[in-house]
Amino acid sequence: MADEATANGSDMEARAQEFRDRYIQVKSEIGKVIVGHDEIVHGVLTCLFVGGHALLEGVPGLGKTLLVRTLADALSLDFNRIQFTPDLMPADVIGTNMVAETSEGRRMFEFQRGPIFSQIVLADEINRATPKTQSALLEAMQEHSVTVGGTMHRLKEPFFVMATQNPIEQEGTYPLPEAQLDRFLFKLVVGYSTRDELATILDRTTRRANPKAEKVLDGDDLIRFQQLVREVVIAPHVQDYAIRLALATHPEGPFAAAVTNQYVRWGSSPRGVQTLVLAAKVRALLDGRYNVSFEDLRRVYLPALRHRVLLNFEAQAEGIAPDEVLLKILDSVPEKAEVAVTA
């Protein structure tokens with residue numbers, strides 16, 4: 001039994017080392033094109049290795065679209081880009097049944113697949129499309145399938161939606177409904193580049209250099225690593241900490257913080273705590289551990305929950321952002337529960 005346990009431990013260690021090596025390899029390829037935004041790249045790669053979708057928010061020109069394109073270049077996966085506009089229709093995204101004529105002269109309906117039938121789908125400026133068109137993504141993002149005319153069509157695995165949106169323009173935009181936001185694993189806020197990063201960007205883009213990412217990972221490897229992430233252990237008391245972090249966002253709940261009752265209208269769904277645990281497992285593997293720590297959960301807390309908390313009118317009137325409320329909630333939740341947790 002001891003020898004078997006040792007063998008299993010050695011196998012896990014080897015697989016975890018391979019995970020770290022391939023993760024760093026993909027990140028390095030992205031770094032050939034994308035300057036800075038280290039945490040954003042980590043966030044996108046976490047979504048990739050967990051098997052979730054990412055929403056990137058930032059003002060125009062910060063490299064959101066380029067980041068997703070570069071990620072696609074580094075992976076041997078099918079890639080499609082959909083430019084969301086107010087006149088985009090659901091059929092333009094998922095496809096539609098068309099009348100086709102057979103060689104015998106008979107007419108029949110034939111399904112013409114839309115751009116959603118890919119493995120990495122870039123939904124560019126997703127908040128420019130109407131809610132009707134945005135809802136075309138709901139089934140695909142959750143069930144990895146598309147239903148048209150009563151027939152369900154499975155999407156090729158692995159499948160990811162990487163969406164971008166502009167937070168400052170209001171004219172011609174439609175805020176994503178909560179059900180749509182909840183299907184994104186992370187919401188990543190892309191900030192401005194630093195002085196040194198801007199100098200590097202200019203060196204790369206205003207001279208003859210044209211860096212490009214090389215393909216270093218395929219779909220089968222990605223699915224294998226996603227399974228490895230789920231094998232990482234999380235102790236009952238650490239898992240309970242993740243649960244209490246999510247429950248602390250529920251106003252008037254038993255674990256609600258004072259700031260929650262004051263500013264939060266709706267708290268996180270169960271997907272929020274699932275995201276916390278899975279994303280923390282990726283962080284644990286990157287640190288060479290096979291068990292999740294409290295710090296792992298704190299490191300993924302904001303991108304996992306910032307889009308799953310709906311603030312009330314008082315918070316909006318005072319100009320308080322979700323991140324500000326969440327950080328106060330994080331400070332109020334102790335690592336150890338008052339009542340011990342049993343396995």
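## Two pockets in a predicted model

The largest pocket encloses about 770 Å³ of space. Keep in mind as you look around that this is a predicted model.

Let's start with the walls of that largest pocket. Its lining is made up of 32 residues, and those nearest the centre are E57, Q165, L181, K187 and P322. Four elements each supply two or more residues to this lining: the helices α7 (178-181) and α16 (322-332), together with the strands β10 (184-189) and β13 (310-311). Of these, α7 is the top contributor, giving 3 residues. In chemical character, the lining holds 14 nonpolar, 10 polar and 8 charged residues.

Now for the second largest pocket, which holds about 480 Å³ of space. Here 23 residues form the lining, with G51, G52, M141, L185 and R230 nearest the centre. The elements giving two or more residues to it are α6 (138-143), β10, α9 (219-231) and α12 (270-286). The largest share comes from α12, with 5 residues. The lining splits by class into 9 nonpolar, 8 polar and 6 charged residues.

If you are following along in the structure, strand β10 is a handy landmark: it is listed among the contributors to the largest pocket and also among those to the second largest pocket.

Here are the two linings by residue class:

| Pocket | Nonpolar | Polar | Charged |
|---|---|---|---|
| Largest pocket | 14 nonpolar residues | 10 polar residues | 8 charged residues |
| Second largest pocket | 9 nonpolar residues | 8 polar residues | 6 charged residues |

Key
Residues numbered from 1 in each chain as written. Predicted model: local features only at pLDDT ≥ 70, side-chain atom pairs only at ≥ 80, totals over all residues. Heavy atoms only, no water. 1 Å grid on protein atoms, 1.4 Å probe; cavity = no way out; pocket = protein on both sides within 12 Å on 5 of 7 lines; lining within 4 Å. Points joined across faces, edges and corners; volume = space filled by probe spheres on them. Nonpolar A, V, L, I, M, F, W, Y, C, P; charged D, E, K, R; others polar.
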